[in-house]
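Thank you all for making the time this morning. I would like to walk you through one model, beginning with a single loop residue and working outwards to the helices and the cores.

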Amino acid sequence: DRIRHYPPPEPYLQPTSTKRPPRVPRSSIFKTAVVLTLLSSMQPAMAGQLLSRVKGKSAPESTCESNEQESCAFDRAREFYQKGLQYVDKGKFRLAKTEFERAIEENPAYADAYYQLAVSYANLNDLQAAKTTVKEAIRLNPKVAAYYQMLGILSVQTNDVEQSEAAFRKSVEISEDDPYAWYNLGMVLERRENPEEAEIAYLNAITLKSGDKRFHQKLARLLEANGKLKRALLYYENLLQFDKNDGYAKEKVDEIKARLESQ
């Protein structure tokens with residue numbers, strides 16, 4: 001399954017992974033350990049307090065024998081989860097939310113379901129609930145970069161730039177070959193007035209994906225703002241390689257050349 005991602009506001013970019021995060025083995029469904037992370041101090045019971053219980057709806061019919069109940073619960077959770085993804089694809093986030101909640105009832109250690117529940121909350125404009133829920137996904141599986149990227153994006157939206165930086169740092173630690181994770185980290189570092197590290201983050205993004213014009217443009221502006229005109233000129237000239245008719249890039253190249261000549 002591919003991960004359905006919450007679309008962030010520009011210029012922050014959404015996670016790009018299309019791989020399904022690792023799932024909790026059936027044998028350990030009810031043996032989840034508490035994982036302390038940089039971004040989450042949630043207690044294991046918080047998810048149960050957070051999620052409303054769905055009343056009056058029966059689970060799919062089951063032919064499970066009594067000694068297969070755990071396995072069947074996993075399978076029912078999977079069915080609810082898949083139905084939720086179908087609703088997400090159709091933009092029906094309230095219906096998706098209900099299905100992911102039902103999946104979690106069947107399998108309380110289903111990190112993907114918490115992640116997709118957070119997607120639903122976010123698209124329903126309940127950003128705080130989305131943050132709380134994606135933190136629970138992180139607690140259950142702290143090795144999925146996409147979870148941290150979503151937390152970082154949501155933290156930007158709720159003006160918690162400190163948590164956003166921590167989340168994006170964790171994302172690049174896990175997935176250092178994702179150019180968009182580096183770009184997002186650069187954005188939040190720049191916002192936190194840390195131009196040196198922001199520059200490194202943008203350079204990493206460009207190294208990993210040199211063909212993305214946005215990376216060059218953002219780095220050019222950062223370098224210009226910090227008086228590094230010669231290097232800024234190089235990246236503005238790169239923009240003209242993408243589009244020779246880019247009026248903004250032409251203007252900047254001419255402006256910086258004139259400034260350098262006058263020095």
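**From a loop residue to the cores**

Let me start with N159, which counts as exposed because its relative accessibility is 60%, where exposed means over 50% relative accessible area, buried means under 20%, and partly exposed lies in between, with a 1.4 Å probe and protein chains only. Before I go on, I should say that this is a predicted model, in which local features need pLDDT of at least 70 and side-chain atom pairs count only at pLDDT 80 or more, while totals for chains, interfaces and linings use all residues. Residues are numbered from 1 along each chain as its sequence is written, and side-chain values use heavy atoms, with hydrogens and water left out.

N159 sits in the loop between helix 6 (145-157) and helix 7 (161-174), and its phi is near 60 degrees, a positive value in a residue other than glycine. E193, in the loop between helix 8 (179-191) and helix 9 (195-208), likewise has a positive phi near 60 degrees without being glycine, and at 71% relative accessibility it counts as exposed. N141 belongs to the loop between helix 5 and helix 6, but at 12% relative accessibility N141 counts as buried. The C-alpha atom of N141 is 6.3 Å from that of A111, although the two residues are 30 apart along the chain.

Stepping back, the chain has 12 helices and 0 strands, where helices (H or I, at least four residues) and strands (E, at least two) are DSSP runs numbered from the N terminus. Of its 263 residues, 49% count as buried. Taking contact to mean heavy atoms within 4.5 Å, 60% of the contacts between residues at least 6 apart in sequence join residues at least 24 apart.

How, then, do helix 10 and helix 11 pack? Helix 10 (residues 213-225) and helix 11 (residues 229-242) pack at about 155 degrees, with axes 8 Å apart; the axes are lines fitted to C-alpha atoms over the stretch in contact, and angles run from 0 to 180 degrees between N-to-C directions. That makes helix 10 roughly antiparallel to helix 11, since angles over 145 degrees count as roughly antiparallel, under 35 as roughly parallel, 65 to 115 as roughly perpendicular and the rest as oblique. The residues that meet include L219 and L223 in helix 10, and Y235 and L239 in helix 11.

Helix 8 and helix 10, by contrast, pack at about 25 degrees with their axes 11 Å apart, and they are therefore roughly parallel to each other. Among the residues in this contact are Y183 and M187 of helix 8, together with F215 and L222 of helix 10.

Finally, the cores, by which I mean sets of buried Ala, Val, Leu, Ile, Met, Phe, Trp, Tyr and Cys residues joined through side-chain atoms within 4.5 Å. The largest nonpolar core has 37 residues, of which Y115, V134, Y147 and M150 touch the most other members. Helices 2, 3, 4, 5 and 6 each supply at least two residues of this core, and helix 4 gives the most, with 9 residues. Apart from it lies another core, of 31 residues, among them Y183, A201, A220 and V253.
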